[in-house]
Amino acid sequence: MDKKEIIGVLEEISSLLELKGEDKFKISAYSRAARSIAQSTSDVIVLIKKGEAKKIPGVGDALSKKLTELVETGKLAFLDDLRKSLPEGLPQLFSIQGLGPNKVRTLYEQLDIKSIAELEYACNENRLVTLKGFGQKTQDKVLSAIRKLKADSEYHLLDVVHETATVIAGMLEKLSGAERYQFTGSYRRRREIIRDIDCVIKFKSGERDKLFAALKKLRGVKKVVDVQNDLVSVVWENGIPVEFIIVNKAEYPFAVLHSSGSKDFFAGLREYASSRGYNLGVRELKKGRDKIHFESEEEIFGEMGLQYVPPELRETEEAVTAASKGEIPELVKEEDILGLFHVHTNWSDGAEPLEDMIAAARKLGLRYFGLSDHSKTAFYANGLDEKRLKEQGQLVDKINAGLTDFHVFKGSEVDILADGRLDFGDAVLKSLDFSVGSVHSRLSMNKEEATKRLTAALKNPYMTFLGHMTGRLLLGRSGYEVDMDEIIKTAVRNKKVIEINANPHRLDMDWRFLKKAKEAGIKFSINPDAHSVDGLSDYRYGLSIARKGWLTKDDLLNTMDTEQVKKFLRNAKS
């Protein structure tokens, strides 16, 4: 324990006490002692060990004992207890530039923010804009600080990786040495969180060395990590590791195939190939001693008598078995999506007015969306009470009367209260076209309590969608545990739609449960949970998750045309 560490401990105690709203004199005692030690020319460690800590200005009996414990043991029980008295992730907010104890306490008390992930999500939903002591500029600065902090993270969200890959693709298009390329790995499989970006590149004849040199100098490369015979490994400017795998024409389809699948998938594929008399390697396929040459992955699957396996399904051997039996379904495609639900506007915590959201949706080629501003209990999100909800509905009626190629469905994202009741009464819910029931509070319930809460809500005849089922925030909050079998069974029995929340911070329902729920008879909806014009496009991340869950066009509400949706929603309330 050195002087710098002691100062850090005292400053942390001062900040945590202020965060808890403790007596200001108690708070200042620790900060004053930290300043005294920092300014002292004496060897404070020696003083403390000799029992003379009180010679340090601002250090009394109680603090002297704590400093002695700290120096002799390297620990301080008082600090440990103080940390335990607060939500685990709350002190992490101090690492965000511009957030002191007062601001962190406001975030916790007003918005129930307990982690960096929750803070980022709140910023994306514009909840800091109207918060006392914050505003738009502070929100923008906080978001910027979070992005810098996340650059050192081991994993990254799908949208950040996608944006980075899109930038890299634009550069590869201009490299003369790159004839073809394909992003592979967990990004191509569209995992919800991703460690790095893999990209297989086929070099042009005679330009291999030129390509290697160009990749190391791409604008955006922060550091070159490694260069091998067929690999250039770099770290991108936002902290994401990127590996470029450089191969010739003959190796290209095999390199793409090998690096696109998980280890389990490729092992299953290799075993299947062997059962058919083939030897599948990382860069070749042999029948006996003869190498077989291909132009594409599709040809490799076909040669072995397999259906083509879409990249999103290449997680386990299950996909190989299904492909051998011709049981790979035609997965839902982007062009199948005709409309969206769960859209917010500036009536609650959205950034734009309804008219702008409609214009953006039409520009995306959509035919309808479901307006779902927050209900009254979500006061932190400017939730609508019954009066404002009725006024909003009148505006929607007026807008719909003037539209011929687009329709706005009237709805609400209604809070599911702790006992499973919904935030609006049945009469209000019945007047809407639909409602999205979501949990935003009491996220610490145990499995039994959370399951009881959700099943009670699912039994309400006027709740249409179950929103972001577990409340998780990727890389920040695991969400509450539920009995998935019971939730699915109750949803099927009550003919509810389960939302695939497409916000890249959520992607909830988890894709690992989609196939099971689909087989049980669940209807799904890919909902962007959009709080801005740009947020509407997030439905594409939800589409990737739907594909990972083996979903087809017929499994989704979004693929119905407007009249079919109107009929479906009417029947859902009957």
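In this predicted model, Thr184 is in contact with Asp198, Cys199, Val200, Val256, Ser259 and Ser260, leaving aside its neighbours within four places in sequence. Thr184 lies in strand E2, residues 178-184. Its relative accessible area is 0%, so Thr184 is buried.

Three of the names in that contact list, Val256, Ser259 and Ser260, also appear among the buried residues of helix H12. Helix H12 spans residues 252-260 and is mostly covered, with eight of its nine residues buried. The other buried residues of H12 are Tyr252, Pro253, Phe254, Ala255 and Leu257.

A second threonine, Thr562, is found in helix H23, which covers residues 562-572. Thr562 has a relative accessibility of 15%; because buried means under 20%, Thr562 counts as buried. Neighbours within four places in sequence aside, Thr562 is in contact with Arg367, Tyr368, His407 and Phe409.

The largest nonpolar core has 93 residues, and the members that touch the most others are Leu215, Phe244, Phe369, Leu454, Met509, Phe524 and Ile526. Helix H9 (residues 158-172) gives the most to this core, with seven residues. Leu215 touches Leu172, Leu175, Ile201, Val221, Val232, Phe244 and Ile246, not counting residues up to four places away in sequence. Apart from this core lies another, of 50 residues, including Leu19, Val104, Tyr380 and Ala381. In soluble globular proteins, nonpolar side chains tend to be buried together.

The model has 39 salt bridges, among them the pairs below.

| Salt bridge | Closest N to O distance |
|---|---|
| Glu315 and Arg189 | 3.1 Å |
| Glu284 and Lys291 | 3.2 Å |
| Glu297 and Arg314 | 2.7 Å |

Glu297 lies in helix H14 and Arg314 in the loop between H14 and H15, so their salt bridge ties together parts that are 17 residues apart in sequence. Glu297 is buried, with a relative accessible area of 6%, and Arg314 is buried at 0%. Glu284, by contrast, is partly exposed because its relative accessible area is 24%.

The bridge between Glu315 and Arg189 links distant parts of the chain, 126 residues apart. Glu315 is in the loop between helix H14 (297-303) and helix H15 (318-324), while Arg189 is in the loop between helix H10 (185-188) and strand E3 (193-194). Both Glu315 and Arg189 are buried. Salt bridges that share partners join Arg189 and Glu315 with Arg191, Glu192, Arg472, Asp510, Arg512 and Lys548 into one network.

How values were computed
Residues are numbered from 1 along each chain as its sequence is written. This is a predicted model: local features need pLDDT of at least 70, side-chain atom pairs count only at pLDDT 80 or more; totals for chains, interfaces and linings use all residues. Side-chain values use heavy atoms; hydrogens and water are left out. Helices (H or I, at least four residues) and strands (E, at least two) are DSSP runs, numbered from the N terminus. Buried means under 20% relative accessible area, exposed over 50%, partly exposed in between (1.4 Å probe, protein chains only). Contact means heavy atoms within 4.5 Å. A nonpolar core is a set of buried Ala, Val, Leu, Ile, Met, Phe, Trp, Tyr and Cys residues joined through side-chain atoms within 4.5 Å. A salt bridge is a side-chain nitrogen of Lys or Arg within 4 Å of a carboxyl oxygen of Asp or Glu.
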